[in-house]
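Here's a quick briefing to read alongside the model. Have the sequence and the 3D view open, and start with the question just below.

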Amino acid sequence: MIIHAAILTSGQLGKLQRAVESCTGKFQEITVVINTMNPYYRDSAMAWCQEKCIDYVVTESNGTPSKGKNSMIQYLKSCEADYYFMLDGDDTVHEKVEQYLELYTTYYEPDILSVQIPDELSAKMYADNCIGNKHYAELRDAQLRHATNFRVVLANKKGLDYIKYNEDLHTLEDIHLQFRLLQDQKTLWAGKMYHAKASDSGVYIYDMTTRGNFIASASSMSDKEHDHFFERFWHGIQI
């Protein structure tokens with residue numbers, strides 16, 4: 001089984017290097033997807049990849065994670081592999097990721113595989129600046145009721161054709177996709193597409209040293225901006 005790992009990066013070369021190191025020797029193919037509006041970082045990442053003989057591609061960016069992830073998926077559609085693993089450039093993979101992915105793909109035979117977001121990270125996401133905001137309370141409640149505290153990490157070609165992140169959202173794109181997957185589950189089954197969910201242990205390691213895009217975005221938005229954002233988030237979602 002061939003798994004092609006794509007590492008999406010928009011900044012922080014040191015963390016990109018760490019991400020690549022964590023994947024080296026664990027995947028048959030690795031590509032760094034450089035998606036940034038910072039030309040200095042783009043050139044630095046390209047130079048480092050060239051120096052280390054690492055495959056890379058530069059994709060169109062509008063500064064949002066959703067655009068970056070969609071551009072990564074478009075690139076992966078042009079590659080040949082059994083599965084495609086998607087990693088954010090500030091995160092890493094577990095040392096036993098090969099064994100766990102083999103287990104999950106053999107047992108579930110998924111078209112899309114999501115892994116659980118750790119409770120520690122979820123608590124951090126909703127702490128401090130989110131307290132007292134009705135939108136986050138409603139979102140957290142919906143996540144708990146519908147078990148959508150996951151993120152997509154692996155897909156085959158059929159799965160890639162389904163995955164599309166909402167580019168109207170500048171954060172929470174992973175959680176929004178989980179609600180779409182939940183809403184579309186009957187349609188997916190009818191089309192013989194299988195979305196599997198698994199524990200995060202042994203696969204994906206989140207960087208816990210920064211505030212993260214979600215927390216940074218939440219703290220910078222006014223009440224009115226929150227209203228508009230969550231109106232876009234829930235648009236078309238019926239659960």
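Leaving aside its neighbours within four places in sequence, which residues is V203 in contact with? In this predicted model, V203 is in contact with F85, T92, V93, H94, V97, Y100, L101, Y104, V115 and V153, once those close sequence neighbours are set aside. V203 is also among the four residues that touch the most other members of the largest nonpolar core, along with F27, F85 and L101.

**The chain as a whole**
- Eleven helices and nine strands make up the secondary structure of the protein chain.
- Of the 239 residues in the chain, 52% are buried.
- Take the contacts between residues at least 6 apart in sequence: 83% of them join residues at least 24 apart.
- The exposed area of the chain is about 11700 Å², and 50% of it is supplied by carbon and sulfur atoms.

**Cores**
- The largest nonpolar core has 33 residues.
- There's a second, separate core of 22 residues, and its members include V57, C79, Y162 and I163.
- As general background, nonpolar side chains in soluble globular proteins tend to be buried together.

**Cysteines**
- The disulfide count for this model comes to zero.
- C23 counts as buried because its relative accessibility is 0%, under the 20% cut-off.
- C53 goes the other way: its relative accessibility is 72%, over the 50% cut-off, so C53 counts as exposed.

**Helix α3**
- Does the length of α3 fit what its residue count predicts, and what span should its twelve residues have? At 1.5 Å a residue, α3 (residues 65-76) should span 16 Å, and its end C-alpha atoms are indeed 16 Å apart, so the two values agree.
- α3 is mostly covered, with nine of its twelve residues buried.
- Those buried residues are S66, K67, G68, K69, N70, S71, M72, I73 and L76.
- The cover over them includes four strands by name, β1 (3-9), β2 (29-34), β4 (83-88) and β7 (150-155), as well as the helices α7 (157-162) and α8 (173-183).

**Strand β4**
- β4 is largely enclosed by the rest of the structure, because six of its six residues are buried.
- Both faces of β4 are covered: one side carries Y83, F85 and L87, the other carries Y84, M86 and D88, and all are buried.
- In a regular strand, side chains alternate between the two faces of the sheet.
- β4 pairs with β1 in the parallel sense, over six bridges.
- Within that pairing, A6 has M86 of β4 as its bridge partner.

**Strand β7**
- Six of the six residues of β7 are buried, so β7 too is largely enclosed by the rest of the structure.
- β7 runs antiparallel to β4, and two bridges join them.
- Y84 is the residue that stands opposite A155 in β7.
- β7 also pairs with β6 (residues 112-116), in the antiparallel sense over five bridges.
- V115 stands opposite R151 of β7, and V115 also turns up in the contact list of V203.

Definitions and conventions. Residues are numbered from 1 along each chain as its sequence is written. This is a predicted model: local features need pLDDT of at least 70, side-chain atom pairs count only at pLDDT 80 or more; totals for chains, interfaces and linings use all residues. Side-chain values use heavy atoms; hydrogens and water are left out. Buried means under 20% relative accessible area, exposed over 50%, partly exposed in between (1.4 Å probe, protein chains only). Contact means heavy atoms within 4.5 Å. Accessible areas come from the Shrake-Rupley method with a 1.4 Å probe; for residues, only the protein chains shown count as cover. A disulfide is a pair of cysteine sulfur atoms within 2.5 Å. A nonpolar core is a set of buried Ala, Val, Leu, Ile, Met, Phe, Trp, Tyr and Cys residues joined through side-chain atoms within 4.5 Å. The expected span of a helix is 1.5 Å times one less than its number of residues. Two strands pair if DSSP finds at least two bridges between them.
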